[in-house]
Amino acid sequence: MTTQTKQPLSHLDWLEAEAIHILREVAGQCSNPVLLFSGGKDSLCILRLAEKAFRPGRFPFPLLHIDTGHNYQEVINFRDQRAAELGERLIVRSVEDSMKRGTVVLKSPDEPRNKHQSVTLLESIEEFGFDCCIGGARRDEEKARAKERIMSFRDEFGQWDPKNQRPELWNLYNARSHKGENIRAFPISNWTEMDVWQYIERENLQLPSIYFAHQRDVVMRGGAIVPINVPLASGEVINQPKAGEEVINMQVRFRTVGDITCTAPVISDADNVEKIVLETATTTITERGATRLDDQTSDASMEQRKKEGYF
């Protein structure tokens with residue numbers, strides 16, 4: 001009689017199993033969920049998790065991207081390619097459409113549009129009647145994100161109150177909501193940036209090219225590396241250098257992707273996932289702290305945006 005030896009689950013196996021469980025809880029408890037998909041590394045991990053949770057069937061939710069109109073074209077192209085490969089429905093709504101409706105008003109033409117995604121997202125939730133938005137936020141990203149539950153309740157105005165959240169004891173998740181209310185579900189909330197990159201390496205996931213080291217014209221502005229003369233799909237070129245700024249051609253990569261006007265790269269020679277994993281293991285600054293200029297306006301900037309309906 002032979003005795004089979006059980007192999008212990010790895011750290012990534014545990015995180016994957018938890019995330020798949022959360023995705024299935026959303027599908028079981030919510031009547032009209034949607035998965036927020038930008039083409040970035042976190043949402044790409046959630047796509048793989050959704051494949052493992054629901055294939056060979058179709059996803060029980062469409063994909064939704066809130067486009068600022070100032071996203072990197074490499075990421076937008078990759079977003080469309082990945083959605084087409086999966087054969088899943090991709091809904092795109094733009095901050096620029098909200099600007100045309102007058103529900104978003106910029107203080108200046110070059111104002112970062114990230115925070116205004118909240119308005120367009122809430123409009124999209126109302127348009128389609130979504131009762132749950134699945135997002136790729138992680139608790140290690142930023143102080144406000146660390147306050148989130150796995151199932152984060154938003155009221156009928158789309159607002160989040162960090163002091164009024166449902167308990168989540170013994171991994172019991174409550175996604176119930178009344179008409180007009182909304183749940184934000186975060187399957188990889190317990191993951192870190194390192195976990196994401198190790199999962200990408202293990203699953204051999206494809207990524208937009210700007211995550212890897214490449215040469216790019218930049219300037220130093222406010223202590224951050226700012227990419228300049230970035231072309232948009234419309235043909236417009238944004239982030240032009242200011243008078244007196246020295247243009248430097250530098251080898252950089254992006255740790256996170258978002259609105260061009262507020263997403264900074266980092267100096268790096270990591271041109272493959274293995275090198276990025278090693279680089280991530282030695283960094284002492286969070287990815288948002290190093291690269292998101294709009295989070296550096298104050299310690300409470302992200303929390304205020306989340307209260308207003310941000311991801």
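1. Start with what packs over helix α7 in this predicted model. The cover on its buried residues includes α6 (193–203) and β11 (248–253). The residues being covered are Val273, Ile276, Val277 and Thr280, within a helix that runs over residues 273–282. Those four sit on the same side of α7, because the arc they span around the axis is only 105°. That fits the usual helix arithmetic: with 3.6 residues a turn, residues three or four places apart point the same way.

2. Now flip α7 over. On the other side you'll find Glu274, Leu278, Ala281 and Thr282, which are exposed.

3. Have a look at the N-terminal end of α7 too. Asn272 caps it, with a side-chain oxygen 3.2 Å from the backbone nitrogen of Glu274.

4. On to the nonpolar packing. The largest nonpolar core counts 56 residues, and Leu23 and Leu35 have the most contacts inside it. At least two residues each come from α1 (11–29), α2 (41–54), α3 (73–86), β4 (132–134), β6 (182–185), α6 and α7. The top contributor is α2, which gives 8 residues. This core also draws on both domains: domain 1 (11–204 + 300–308) and domain 2 (209–296) each put in at least three residues.

5. Leu35 deserves a click in the viewer. Setting aside neighbours within four places in sequence, Leu35 is in contact with Ile46, Leu47, Ala50, Phe61, Pro62, Leu63, Leu64 and Ile134.

6. Apart from the largest core there is another one, of 12 residues. Leu64, Val104, Leu121 and Phe130 are among its members. So keep an eye on Leu64: this residue of the 12-residue core is also on the contact list of Leu35.

Methods: Residues numbered from 1 in each chain as written. Predicted model: local features only at pLDDT ≥ 70, side-chain atom pairs only at ≥ 80, totals over all residues. Heavy atoms only, no water. Buried < 20%, exposed > 50% of the residue type's maximum accessible area, 1.4 Å probe, protein only. Arc of directions from axis to C-beta. Contact = heavy atoms within 4.5 Å. Polar contact = N/O pair within 3.5 Å; in protein donor to acceptor, adjacent residues only side chain to side chain. Core = buried A, V, L, I, M, F, W, Y, C linked by side-chain atoms within 4.5 Å. Domains from an automatic or database assignment.
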